[in-house]
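Work through the exercises below with the model open. Try each task before you read its solution.

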Amino acid sequence: MEQLNCRSAKTLKRNLRWQKLLKETCDEAGKYQNGVQEKAEQEILKKFADEGVTITEPSEEFKKELKDAAMKFYSLPDFKDWTPGLYDTVKKAMQ
């Protein structure tokens, strides 16, 4: 096992700072992208409605049926080699 010396400790500390900065930046970029997407969606829905297109929002019951059907997909054998915990993360995000 390699000893942790001053040089490696400083490198580790610097790497952890970069990792934290990268994660924070990615989180911020994701929130920004979600806002851009939401705005674009609202604009196109308004344009469609203004042009006479009927916009139909799916019911909560229908959304639940879709989620339930998708959950069956993720239990297929193809997903047995997923990274540990990833399936639970996906399942939680779908609830």
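**Exercise 1. A salt bridge in the first helix**

Task: Find which residue pairs with Lys39 in a salt bridge, and state how exposed each partner is.

Solution:
- Step 1. Start with the pair. The side chain of Lys39 meets that of Glu43 in a salt bridge, at 4.0 Å from N to O. This is a predicted model.
- Step 2. Check the cut-off. A salt bridge needs the side-chain nitrogen within 4 Å of a carboxyl oxygen.
- Step 3. Place the residues. Both Lys39 and Glu43 belong to helix α1. They are 4 residues apart, about one turn of the helix.
- Step 4. Read the exposure. Lys39 has 55% relative accessibility, so it counts as exposed. Glu43 has 48% and therefore counts as partly exposed.
- Step 5. Recall the principle. Side chains of opposite charge can pair when their charged atoms come close.

**Exercise 2. Another pair in α1**

Task: Identify the salt-bridge partner of Lys20 and give the spacing of the two residues in the helix.

Solution:
- Step 1. Lys20 bridges to Glu24. Their closest N and O atoms are 3.8 Å apart.
- Step 2. Lys20 and Glu24 both sit in helix α1. The spacing is 4 residues, about one turn of the helix.
- Step 3. Lys20 is exposed, at a relative accessible area of 54%. Glu24 is partly exposed, at 42%.

**Exercise 3. A pair in the second helix**

Task: Say which residue Glu60 bridges to, and how many residues separate the two.

Solution:
- Step 1. Glu60 forms a salt bridge with Lys63. The closest N and O atoms lie 3.4 Å apart.
- Step 2. Glu60 and Lys63 are 3 residues apart in helix α2, so about one helical turn separates them.
- Step 3. Glu60 reaches 60% relative accessibility and counts as exposed. Lys63, at 34%, counts as partly exposed.
- Step 4. Put the pair in context. The whole structure holds 6 salt bridges.

**Exercise 4. A nonpolar patch**

Task: Locate Ile55, list its contacts beyond close sequence neighbours, and name the surface patch residues.

Solution:
- Step 1. Ile55 lies in the loop between α1 (6-50) and α2 (60-74).
- Step 2. Set aside neighbours within four places in sequence. Ile55 is then in contact with Leu45 and Phe48.
- Step 3. Check a distance. Ile55 and Leu45 are 10 residues apart along the chain, and their C-alpha atoms are separated by 7.5 Å.
- Step 4. Is Ile55 buried or exposed? Its relative accessible area is 36%, so Ile55 is partly exposed.
- Step 5. Use the patch cut-off. A patch residue needs over 30% relative accessible area. Ile55, at 36%, therefore passes it.
- Step 6. Build the patch. Ile44, Phe48, Val53 and Ile55 make a nonpolar surface patch of about 300 Å².

**Exercise 5. The whole chain**

Task: Summarise the fold elements, the surface and the confidence of the protein chain.

Solution:
- Step 1. Count the elements. The protein chain has 3 helices and 0 strands. From the N terminus, the order is α-α-α.
- Step 2. Look at burial. Of its 95 residues, 3% count as buried.
- Step 3. Take the surface. The accessible surface is about 9,100 Å², and 58% of it belongs to carbon and sulfur atoms.
- Step 4. Weigh the confidence. The mean pLDDT of the chain is 84, and 86% of the residues score at least 70.
- Step 5. Compare the elements. Helix α1 has the highest mean pLDDT, 89. Helix α3 (residues 86-93) has the lowest, 77.

Key: Residues numbered from 1 in each chain as written. Predicted model: local features only at pLDDT ≥ 70, side-chain atom pairs only at ≥ 80, totals over all residues. Heavy atoms only, no water. Patch = residues over 30% accessible without salt bridge, like charges linked within 9 Å, V, L, I, M, F, W, Y side chains within 5 Å. Areas by Shrake-Rupley, 256 points an atom, 1.4 Å probe, with all protein chains shown as cover. Buried < 20%, exposed > 50% of the residue type's maximum accessible area, 1.4 Å probe, protein only. pLDDT = per-residue confidence, 0-100. Contact = heavy atoms within 4.5 Å.
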